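Grab a pencil and work through these exercises with the sequence and the 3D view side by side. Try each task before you read its solution.

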Amino acid sequence: MVQTLSRAEDDTASGDLYSWTYDIIRVFKTSHMVDIPEVGHPDVGDVNLLPDFPFKQVKFSINGTACYHDLGKFIADFENAFPHMRMVGLEIQPVPASGSNDEKLSFKMDIIALIKPPSL
């Protein structure tokens with residue numbers, strides 16, 4: 001049972017939270033057709049989804065551009081790969097045409113992740 005919990009906590013945030021958030025996005029975006037030049041500074045707080053939950057959460061923003069279907073695949077794959085994280089507050093806008101046939105969108109969203117509690 002302890003090993004099952006430990007494996008379930010593998011994708012929770014730990015250590016230097018800014019490095020952790022940046023690395024998660026940097027590594028994950030390499031296999032997707034999204035451009036994410038900016039990862040926001042993480043903000044730590046109480047979990048606001050469940051009352052009296054023993055974990056803390058980290059929330060950070062990402063900004064970028066992608067085609068509609070590529071963005072959808074990125075979001076779906078991310079949430080499937082990291083069950084303890086959620087993307088929330090998605091804002092999208094069309095990017096003005098630059099002569100190419102790509103219909104790009106600019107996007108901004110927040111990612112909320114659980115923080116691994118200190119070992120007892």
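**Exercise 1. How many helices and strands does the protein chain have, and in what order do they run?**

Step 1. Count the elements: there are 3 helices and 5 strands in the chain. Helices (H or I, at least four residues) and strands (E, at least two) are DSSP runs, numbered from the N terminus.

Step 2. Now walk along from the N terminus, and you read α-α-β-β-β-α-β-β.

Before going on, a word on the model: it is predicted, so local features need pLDDT of at least 70 and side-chain atom pairs count only at pLDDT 80 or more, while totals for chains, interfaces and linings use all residues. Residues are numbered from 1 along each chain as its sequence is written, and side-chain values use heavy atoms, with hydrogens and water left out.

**Exercise 2. Find which residues of α2 are buried, and work out how they are arranged around the helix.**

Step 1. Check the length of the helix. The expected span is 1.5 Å times one less than the number of residues. For the 13 residues of α2 that gives 18 Å, and the end C-alpha atoms are indeed 18 Å apart.

Step 2. List the buried residues: Leu17, Trp20, Thr21, Ile24, Ile25 and Phe28. Buried means under 20% relative accessible area, exposed means over 50%, and partly exposed is in between (1.4 Å probe, protein chains only).

Step 3. Look down the axis of α2: its buried residues fall within an arc of 120°, so they line one face of the helix. The arc is that of the directions from the helix axis to the C-beta atoms.

Step 4. Ask what covers them. The cover includes β1, β2 (43-46), β3, α3, β4 and β5.

**Exercise 3. Do the same for α3: which residues are buried, and which are exposed on the other side?**

Step 1. The 14 residues of α3 should span 20 Å, which agrees with the 20 Å between its end C-alpha atoms.

Step 2. Leu71, Phe74, Ile75 and Phe78 are the buried ones in α3. They cover an arc of only 95° around the axis, which puts them on the same side of α3.

Step 3. On the other side of α3 you find His69, Lys73 and Asn80 exposed.

Step 4. The buried residues of α3 pack against α2, β1, β3, β4 and β5.

**Exercise 4. Which residues of the largest nonpolar core touch the most other members?**

Step 1. Know what you're looking for: a nonpolar core is a set of buried Ala, Val, Leu, Ile, Met, Phe, Trp, Tyr and Cys residues joined through side-chain atoms within 4.5 Å.

Step 2. The largest one has 24 residues, and Ile25, Ile36, Ile62, Phe74, Phe78, Met85 and Ile111 touch the most other members. Two or more residues of this core come from each of α2 (17-29), β1 (34-39), β3 (56-67), α3 (68-81), β4 (85-94) and β5 (104-115).

Step 3. Zoom in on Phe78. Leaving aside neighbours within four places in sequence, Phe78 is in contact (heavy atoms within 4.5 Å) with Ile24, Ile25, Phe28, Met85, Met87 and Ile111.

Step 4. Then try Ile36, which lies in strand β1 and is buried at 3% relative accessible area. Its C-alpha is 4.2 Å from that of Gly64, although the two are 28 residues apart in sequence.

**Exercise 5. How many salt bridges does the structure hold, and where do the partners of Asp23 and Lys59 sit?**

Step 1. The count is 4. A salt bridge is a side-chain nitrogen of Lys or Arg within 4 Å of a carboxyl oxygen of Asp or Glu.

Step 2. Asp23 pairs with Arg26, the closest N and O atoms being 3.5 Å apart. These two are 3 residues apart in helix α2, so about one helical turn separates them.

Step 3. Lys59 pairs with Asp110, with 3.7 Å between the closest N and O atoms. This pair links distant parts of the chain: Lys59 is in strand β3 and Asp110 in strand β5, 51 residues apart.

Step 4. Compare their exposure: Lys59 is partly exposed at 34% relative accessible area, whereas Asp110 counts as buried at 18%.
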